[in-house]
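Please work through the exercises below with the sequence and the structure open beside you. Try each task on your own before you read its solution.

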Amino acid sequence: MKKIPYVNLIKQFKDQRIEILRIVDKVFNSGQYILGPEVDKFEKNISNYFGVKYCTALNSGTDALTLALHLSGIKKGDEVITAPNSFIASAASIIHLGAIPVFVDVLNNQNIDPDKIEKAISKKTKAIMPVHLTGRPCRMDRIMKISKKYNLKVIEDCAQAHGAEYK
């Protein structure tokens, strides 16, 4: 029996190597590492891809999550339910605002278990942050139903799942 890795970043890079290096070379040769035409192009492409009017690129996924939490009204002492097995950015963005990450166990696909979210909700809970790992979307129908029931914000960490589809 052949083992298939959970995620194979080496193969992914090999498959896209030429295009990735062409873009990196173009940026490095331009000397414009901040903003510039490549960022404008990226924002327009993402806006078109998702069918939205605006897109703002940030310096990191951590800052994107922090900004989303802040704009959702998350503040010191609030609780945000999330998965414990994500990259540190998920919890760090919550902590940066003085809020408290509440970790909920995951399913076999490594995504947050919606059946355990409801048990973790307290009076301090203000949001749920599902993390879509390695292109696998969380069970958003169930998560959205819980968020509506308890009037919670949902901030999705999609850093690893741009373009992934659920159902």
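The exercises that follow concern a predicted model, and they go from the whole chain to single residues and then to pockets.

**Exercise 1. The chain as a whole**

Find how many helices and strands the protein chain has, and write down the pattern that they follow along the sequence.

Solution. Begin by counting the elements: the protein chain has six helices and four strands. Next, read along the sequence and note each element in turn, which gives the pattern α-α-α-β-α-β-α-β-α-β. To complete the overview, note that the C-alpha trace spans about 55 × 50 × 30 Å along its principal axes, and that 31% of the 167 residues count as buried.

**Exercise 2. The sheet**

Determine the order of the strands in the open sheet, and explain which strands stand at its edges.

Solution. Start with the pair S1 and S2: strand S1, residues 79–82, runs parallel to strand S2, residues 100–103, and four bridges join them. One of the contacts to look for is that of Thr82, whose bridge partner in S2 is Phe103. Then turn to strand S3, residues 125–129, which pairs with S4 in the parallel sense over two bridges, and here Ala127 stands opposite Lys153 in S4. Taken together, the four strands form an open sheet in the order S2-S1-S3-S4, with parallel pairing. Each of the strands S2 and S4 has a single partner strand, so both stand at the edges, and one side of each is left without a neighbour in the sheet. As general background, strands of a sheet pair through backbone hydrogen bonds, either parallel or antiparallel.

Now add the helix that belongs with S1 and S2: helix H4, residues 88–96, makes a right-handed β-α-β unit together with these two strands.

**Exercise 3. The span of a helix**

Check what span helix H2, residues 37–50, should have, and compare it with the distance between its end C-alpha atoms.

Solution. The helix H2 has 14 residues, and at 1.5 Å a residue it should span 20 Å. The expected span is 1.5 Å times one less than the number of residues, which is the form of the rule to use in this step. The end C-alpha atoms of H2 are 20 Å apart, which agrees with the expected value. Just after H2 comes Gly51, which takes a positive phi of about 70°.

**Exercise 4. Buried or exposed**

Decide whether Ile81, Thr134 and Lys167 are buried, partly exposed or exposed.

Solution. The cut-offs come before the classification: buried means under 20% relative accessible area, exposed means over 50%, and partly exposed lies in between. Ile81, which is found in strand S1, has a relative accessibility of 0% and therefore counts as buried. This residue is 21 residues from Val102 in sequence, but the two are 4.6 Å apart in space, C-alpha to C-alpha. Thr134 is found in the loop between S3 and helix H6, and because its relative accessible area is 25%, Thr134 is partly exposed. Lys167 lies in the segment after S4, and at 82% relative accessibility Lys167 counts as exposed.

A further point concerns the backbone: most residues other than glycine have a negative phi. Thr134, although it is not a glycine, has a positive phi of about 45°, and Lys167, also not a glycine, has a positive phi of about 60°.

**Exercise 5. Two pockets**

Describe the volume and the lining of the largest pocket, and then do so for the second largest pocket.

Solution. The largest pocket has a volume of about 1,000 Å³. Of the 39 residues that line the largest pocket, the closest to its centre are Ala64, Glu156, Cys158, Ala159 and His162. Next, ask which elements contribute: H2, helix H3 and H4 each supply at least two residues of this lining, and the largest share, seven residues, comes from H3. Sorted by class, the lining of the largest pocket has 26 nonpolar, ten polar and three charged residues.

The second largest pocket has a volume of about 770 Å³. Of the 20 residues that line the second largest pocket, Ile23, Val27, Glu38, Val39 and Phe42 are the closest to its centre. Helix H1 and H2 each supply at least two residues of the lining of this second pocket, and by class its lining has ten nonpolar, four polar and six charged residues.

Note on methods: Residues numbered from 1 in each chain as written. Predicted model: local features only at pLDDT ≥ 70, side-chain atom pairs only at ≥ 80, totals over all residues. Heavy atoms only, no water. Pairing = 2+ DSSP bridges. Right-handed = clockwise from strand over helix to strand, strands pointing away. 1 Å grid on protein atoms, 1.4 Å probe; cavity = no way out; pocket = protein on both sides within 12 Å on 5 of 7 lines; lining within 4 Å. Points joined across faces, edges and corners; volume = space filled by probe spheres on them. Nonpolar A, V, L, I, M, F, W, Y, C, P; charged D, E, K, R; others polar. Buried < 20%, exposed > 50% of the residue type's maximum accessible area, 1.4 Å probe, protein only.
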